[in-house]
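Q: Could you teach me how to read the contacts around a bound molecule? I'd like the general idea and then the case here.

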Amino acid sequence: MERTFVMVKPDGVQRGLVGEILGRFERKGYKVVALKMLRLSRALAEKHYGEHRDKPFFEGLVRFITSGPVVAAVLEGRDVVTGVRQMMGPTDPAKAPAGTIRGDFGIDVGRNVIHGSDGPDSAAREIALFFAPEELVGWERTLDIWIYE
Ligand code: DAT
Ligand code: MG
């Protein structure tokens, strides 16, 4: 089983979309194994978005992501990294198909409501950045026989 990191961004929290977004992942069949609300420090935001340090949008991105609380989660499931990215849709909501989270709830690329790791390596890095090992809860879900053959 694979794990990924997702984060409802400050716009998603302010707009009351936390339940809707996490609910989509739950209904898909992914299992929540860690969950918390926090407000990112500038240091954590700069680390999280380190790959974008030299982009023109970096400063605005850091200011936005630290502007209010976020809800961070770790999801577990088969091929969950790819599956979550598909459910999120492309970075720019204008290009995101209806039915995806960004397509359904976003308009502007700078307000695209959700973050999700883009690969297994970034998933491992981001999970470790946001959660201590003891915050990751391994649990048996009796429902799994109805989700996985
Ligand atoms: P994603 O969040 O789909 O992984 P990314 O890693 O390329 O996309 O960029 C991180 C975030 O930065 C993205 O969610 C929104 C913001 N961003 C990306 N490209 C941008 C742009 N051209 N203008 C403004 N913000 C941008
Ligand atoms: Mg990214």
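A: Happily! A polar contact is a pair of N or O atoms within 3.5 Å; within protein, one must be able to donate a hydrogen and the other to accept it, and residues adjacent in sequence count only if both atoms are side-chain atoms. This is a predicted model: local features need pLDDT of at least 70, side-chain atom pairs need pLDDT 80 or more, totals for chains, interfaces and linings use all residues, and side-chain values use heavy atoms, without hydrogens or water. Residues are numbered from 1 along each chain, with chains lettered from A and ligands numbered from 1 as written.

Q: Which side chain has an N or O atom 3.0 Å from an oxygen atom of ligand 1?

A: That is Arg102. Lys9 brings a side-chain N or O atom to 2.9 Å from a ligand 1 oxygen, and for a polar side-chain atom of His52 the distance is 2.8 Å.

Q: How much of ligand 1 does the protein bury?

A: The protein buries 74% of the 520 Å² that ligand 1 exposes when taken alone (Shrake-Rupley method, 1.4 Å probe; for residues, only the protein chains shown count as cover).

Q: Which residues surround ligand 1?

A: Look for a heavy atom within 4 Å. Besides Lys9, His52 and Arg102, the shell includes Tyr49, Phe57, Leu61 and Arg85; Thr91, Val109 and Asn112 also belong to it.
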